[in-house]
Amino acid sequence: MALTPWLRVPIDRLLVARLRRELRGSPVPAHLGLIMDGNRRWARSVGVDDVRFGHRAGAEHLDRVLGWCASAGIGAVSVYVLSVDNITKRDDAQMAFLFHLLETVIPERVRRPGGAWELHIAGNLDLVPDATARALKKAVAATRGRPRRLTLAVGYDPYGDVADAVRQVLWEAHDRGDSLDDIVQTLEPEMVDARVAAPDDDIDLIIRTSGERRLSGFFPWRSVRSELIFCDIYWPGFRELDLLRALRTYARRRTGTLGR
Ligand code: IPE
Ligand code: IPE
Ligand code: MG
């Protein structure tokens, strides 16, 4: 049932407070993956045809969601911001604006003094304009040593990530003078595991917004055992309530009280 907007806010607040209580002591994903999808559809759903409105709202919203993740006790978050496919297939004007957001809104907010998130980038920064890459690298340096880990997939190529990791293992073996026979005999998944771009650990739970039910190449090596939750809400409309509901589903799955 759709609630009138003035009723929705206080009711959401009550539900959030109740869910926070309910979740006390439940298993929380140590590492959460977010596929922030649905920005253009969100803009259209609120009557704005200019997709930039949706993309700006989506970039600004990330900061809010990260705050909710920190209060829920999540220590690592990985976010799908831009795939290689996005960069190569979307038109230039749209990409220019997305790069602008990646150069301004996202690093500015992540870098803010007192912030909790140590920024990491997974992906090929050669695919983004120099100024964007510089702003992201500066934010990575400025946030070093912070307690929570935030990995943004930017220009991320899932096949390339795994192929590069294998290539690295092979080069290292070659440099040691190992024969092809040695390499084939000794190649273990752990060697690839230590060399995939980032993040460092398996993702416990992936949430994708906007109703699409696919991963679109989101960290394949790290998502082999992830729980998946697909949420119909467009990313800029994703509320703390939606996050906590996803965490409740995750806790129920992990404790065997749902679907097992
Ligand atoms: C997600 O929003 C953000 C990016 C992939 C850059 P979209 O731009 O994919 O918006 P929708 O999914 O078409 O609504
Ligand atoms: C890919 O976005 C995932 C991100 C949100 C970056 P799309 O909205 O382009 O998804 P696909 O490529 O259609 O799966
Ligand atoms: Mg999309």
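**Salt bridges, surface charge and ligand surroundings**

Glu22 and Arg248 form a salt bridge in which the closest N and O atoms are 3.8 Å apart. This pair links distant parts of the chain, with Glu22 in helix α1 and Arg248 in helix α11, which spans residues 240-254; the two residues are 226 residues apart. The structure is a predicted model, and 25 salt bridges are found in it. Side chains of opposite charge can pair when their charged atoms come close.

A positive surface patch is also present, formed by Arg18, Arg21, Arg24 and Arg245. Of these residues, Arg18 is placed in helix α1, which covers residues 5-23. Helix α1 is also the element that holds Glu22 of the salt bridge described above.

The surroundings of ligand 1 consist of Met36, Asp37, Gly38, Asn39, Arg40, Arg41, His55, Val81, Leu82, Asn86, Arg90 and Leu98. Side-chain polar contacts to ligand 1 include one from Asp37, where an N or O atom of the side chain is 2.7 Å from an oxygen atom of the ligand. For Arg41, the distance between an N or O atom of the side chain and an oxygen atom of ligand 1 is 2.7 Å. In His55, a polar side-chain atom is placed 2.7 Å from an oxygen atom of ligand 1. On its own, ligand 1 exposes 370 Å², of which the protein buries 90%.

Around ligand 2 are Ile35, Met36, Asp37, Tyr80, Val81, Asn86, Arg90, Arg208, Arg214 and Ser216. Met36, Asp37, Val81, Asn86 and Arg90 are found around ligand 1 and also around ligand 2. An N or O atom in the side chain of Asn86 is 2.8 Å from an oxygen atom of ligand 2. Arg214 has a polar side-chain atom 2.7 Å from an oxygen atom of ligand 2, and for Ser216 the distance from a side-chain N or O atom to an oxygen atom of ligand 2 is 2.5 Å. The accessible area of ligand 2 on its own is 390 Å², and the protein covers 79% of it.

Technical notes
Residues are numbered from 1 along each chain as its sequence is written. Chains are lettered from A and ligands numbered from 1 in the order in which they are written. This is a predicted model: local features need pLDDT of at least 70, side-chain atom pairs count only at pLDDT 80 or more; totals for chains, interfaces and linings use all residues. Side-chain values use heavy atoms; hydrogens and water are left out. Patches are made of residues with over 30% relative accessible area and no salt bridge: like charges are joined within 9 Å, nonpolar side chains (Val, Leu, Ile, Met, Phe, Trp, Tyr) within 5 Å. Accessible areas come from the Shrake-Rupley method with a 1.4 Å probe; for residues, only the protein chains shown count as cover. A salt bridge is a side-chain nitrogen of Lys or Arg within 4 Å of a carboxyl oxygen of Asp or Glu. Lys and Arg count as positive and Asp and Glu as negative; His and the chain ends are not counted. The place of a charge is taken as NZ of Lys, CZ of Arg, CG of Asp or CD of Glu. Helices (H or I, at least four residues) and strands (E, at least two) are DSSP runs, numbered from the N terminus. A residue is near a molecule or strand if one of its heavy atoms lies within 4 Å of it. A polar contact is a pair of N or O atoms within 3.5 Å; within protein, one must be able to donate a hydrogen and the other to accept it, and residues adjacent in sequence count only if both atoms are side-chain atoms.
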